[in-house]
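Grab your viewer and load the model. The exercises below each come with a worked solution, so try them before reading on.

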Amino acid sequence: MRTDMFQQILNDLNSSSADVEASALISTDGLMIASALPAGIDEDRVGAMSAALLSLGDRAGRELARGSIERVMVYD
């Protein structure tokens with residue numbers, strides 16, 4: 001049920017602006033919780049890449065003494 005709620009929120013986000021083309025909620029280990037991605041996009045690949053970005057960002061934050069990363073948002 002909670003997944004349905006997340007799915008609706010992502011669908012609403014995508015339809016709220018022409019600038020938002022895709023959205024996803026992904027756990028820190030890369031598990032896709034909910035997504036509103038265009039057809040043909042591999043959810044597993046997006047999840048894995050997002051987890052890698054979070055891990056690298058977290059490490060960079062620690063190396064630069066800037067704290068930990070809470071979320072990753074990608075803009076085009």
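**Exercise 1.** Is I9 buried, partly exposed or exposed?

*Solution.* This is a predicted model, so begin by placing the residue: I9 sits in helix α1, which covers residues 2–16. Next, take its relative accessible area, which is 48%. Buried would need a value under 20%, and exposed one over 50%. I9 therefore counts as partly exposed.

**Exercise 2.** How far apart are the C-alpha atoms of I9 and G67?

*Solution.* Along the chain, I9 and G67 are 58 residues apart. In space, their C-alpha atoms are separated by 29 Å. To put a frame around that, the C-alpha atoms of the protein chain fill a box of roughly 35 × 25 × 25 Å along the principal axes.

**Exercise 3.** Work out the environment of S35, starting from its secondary structure.

*Solution.* Step one: S35 belongs to strand β2, residues 32–36. Step two: check its relative accessible area, which comes to 10%. The cut-off for buried is under 20%, so S35 is buried. Step three: list what S35 touches, skipping residues up to four places away in sequence; you get Q7, L10, S23, A24 and E43. Step four: look at E43 again, since its side chain and that of S35 are joined by a polar contact of 2.4 Å.

**Exercise 4.** Which pattern do the helices and strands follow along the sequence?

*Solution.* Count the elements: the protein chain has two helices and two strands. Now read them in sequence order, and you get α-β-β-α. For the contacts, take those with a separation of 6 or more: 20% of them link residues 24 or more positions apart.

**Exercise 5.** Describe the surface and the charges of the protein chain.

*Solution.* Start with burial: of the 76 residues, 18% are buried. The chain exposes about 6200 Å², and carbon and sulfur atoms supply 53% of that area. Then do the charges: there are 6 positive and 12 negative ones, and the mean positions of the two sets lie 11 Å apart.

**Exercise 6.** Where is confidence lowest, and where is it highest?

*Solution.* Overall, the mean pLDDT of the chain is 88, with 96% of residues at 70 or more. By element, helix α2 (residues 43–63) is lowest with a mean of 90, while β2 is highest at 93. One caution for any such model: where pLDDT is low, don't read the predicted coordinates in detail.

Key
Residues numbered from 1 in each chain as written. Predicted model: local features only at pLDDT ≥ 70, side-chain atom pairs only at ≥ 80, totals over all residues. Heavy atoms only, no water. Helix = DSSP H or I, 4+ residues; strand = E, 2+ residues; numbered from the N terminus. Buried < 20%, exposed > 50% of the residue type's maximum accessible area, 1.4 Å probe, protein only. Contact = heavy atoms within 4.5 Å. Areas by Shrake-Rupley, 256 points an atom, 1.4 Å probe, with all protein chains shown as cover. Lys, Arg positive; Asp, Glu negative; His and termini not counted. Charge placed at Lys NZ, Arg CZ, Asp CG, Glu CD. Polar contact = N/O pair within 3.5 Å; in protein donor to acceptor, adjacent residues only side chain to side chain. pLDDT = per-residue confidence, 0-100.
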